[in-house]
Amino acid sequence: MVGCVILFQHNRFVQECKDAEPDVLFVGDSMVQLMQQYEVWKELFSPLHALNFGIGGDTTCNVLWRLQNGELENIRPRVVVLWVGTNNHEHTAEQVAGGVLAIAQLILSRLPKSKVIVLGLLPRGKSPNPLREKNRSVNNLLRASLPRLGPVQLFDVGGSFVHSDGNISSGDMFDFLHLTADAYRTIATSLHELLNQLLEEMPQERQASLV
């Protein structure tokens, strides 16, 4: 069941679609939502005409429902960034990966001219634990399956936060789940380079298709 807060935010996103013309759409859970609160969002992603459709606590099922019910209407982003799955605690790695794949397939069916970037799940917990292993398995499944869908790629930077002893610094993840401002900048800088590359390539591809 969709909660009242989620439904309120969802309705706001649907309304935003009627007025915005984004080149980049970010969709997902709190990892996406919190990114917009840091300076790096204004610095790197706002100039790309990016929309942020992140909702804290969302699972793959929540995101799939949101996108099926209006959040892809009236907009034609050239790139969609998807980051979701870490809240699917009760699901197996196969189920989580399946949910992410279903969302990616929906995006491609609704936005056939768009490209999709799926961000890999980050490691959770200060030290190695079963949940961290599951997230790694999800990423491996996505790495193998996403290319079969079409213009979709996995962007996985989680390993950069794990030290040689297997621990994660609170300077990167203050609660060993959510990112600090510095960690967001690390991810955003690399992601920004990839987005710019895709955005530069796409006009040439579209123009070529018209010749």
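Is Ser170 buried, partly exposed or exposed? I started my notebook with that residue and found Ser170 to be partly exposed, at 45% relative accessibility. I kept in mind throughout that this is a predicted model.

**Entry 1: around Ser170**

I placed Ser170 in the loop between strand 5 and helix 7. Setting aside residues up to four places away in sequence, I saw Ser170 touch Phe176 and Thr180. I then looked up Lys126, which is 44 residues from Ser170 in sequence. The C-alpha atoms of Ser170 and Lys126 are 8.0 Å apart in space.

Phe176, one of the residues that Ser170 touches, made me pause over its backbone. Phe176 has a phi near 60°, which is positive although the residue is not glycine. I noted that most residues other than glycine have a negative phi. Phe176 sits in the loop between strand 5 (152-155) and helix 7.

**Entry 2: another positive phi**

I wrote down Asn74 as well, since its phi is near 70°, again a positive value in a residue other than glycine. Where is Asn74 placed? I found Asn74 in the loop between helix 4 (60-68) and strand 3 (79-83). Its relative accessible area is 55%, so Asn74 counts as exposed, the cut-off being over 50%.

**Entry 3: along helix 7**

Next I went to helix 7, which covers residues 181-210 and holds Asn196. Ile187 lies in helix 7 too. Is Ile187 buried or exposed? With a relative accessible area of 1%, Ile187 is buried.

I listed what Ile187 contacts beyond its neighbours within four places in sequence: Trp83, Leu119, Leu122, Phe155, Val157, Phe161 and Leu179. I also checked Gly158, which is 29 residues from Ile187 along the chain. The C-alpha atoms of Ile187 and Gly158 are separated by 8.9 Å.

For Asn196 I got a relative accessible area of 25%, so I marked Asn196 as partly exposed. I looked up Lys113 as a partner for a distance check, 83 residues from Asn196 in sequence. Asn196 and Lys113 are 17 Å apart, C-alpha to C-alpha.

**Entry 4: the whole protein**

Stepping back, I counted 7 helices and 5 strands. What pattern do they follow along the sequence? I read α-β-α-α-β-α-β-α-β-α-β-α. The radius of gyration is 17 Å, close to the 17 Å that the globule rule gives for 211 residues, so the protein is as compact as a globular protein of that length. I noted a box of roughly 55 × 40 × 35 Å for the C-alpha atoms, taken along the principal axes.

Half of my interest here was in what is covered and what is not. Buried residues make up 50% of the 211 residues, and Ile187 is a buried residue that I had already met. The accessible surface comes to about 10200 Å², with 52% of that area belonging to carbon and sulfur atoms.

I then turned to contacts between residues at least 6 apart in sequence, and 79% of these join residues at least 24 apart. For the charges, I counted 18 positive and 22 negative, and their mean positions are 4 Å apart.

**Entry 5: the record**

Last, I opened the UniProt record, an unreviewed entry, which annotates residues 26-185 as "domain: SGNH hydrolase-type esterase". In the model, residues 26-185 are 37% helix and 14% strand. How many Å apart are the end C-alpha atoms of residues 26-185? I noted 16 Å for that pair.

Key. Residues numbered from 1 in each chain as written. Predicted model: local features only at pLDDT ≥ 70, side-chain atom pairs only at ≥ 80, totals over all residues. Heavy atoms only, no water. Helix = DSSP H or I, 4+ residues; strand = E, 2+ residues; numbered from the N terminus. Rg over C-alpha atoms; globule rule 2.2 N^0.38 Å. Buried < 20%, exposed > 50% of the residue type's maximum accessible area, 1.4 Å probe, protein only. Contact = heavy atoms within 4.5 Å. Areas by Shrake-Rupley, 256 points an atom, 1.4 Å probe, with all protein chains shown as cover. Lys, Arg positive; Asp, Glu negative; His and termini not counted. Charge placed at Lys NZ, Arg CZ, Asp CG, Glu CD. UniProt positions renumbered as here; feature names shortened; annotations may be inferred.
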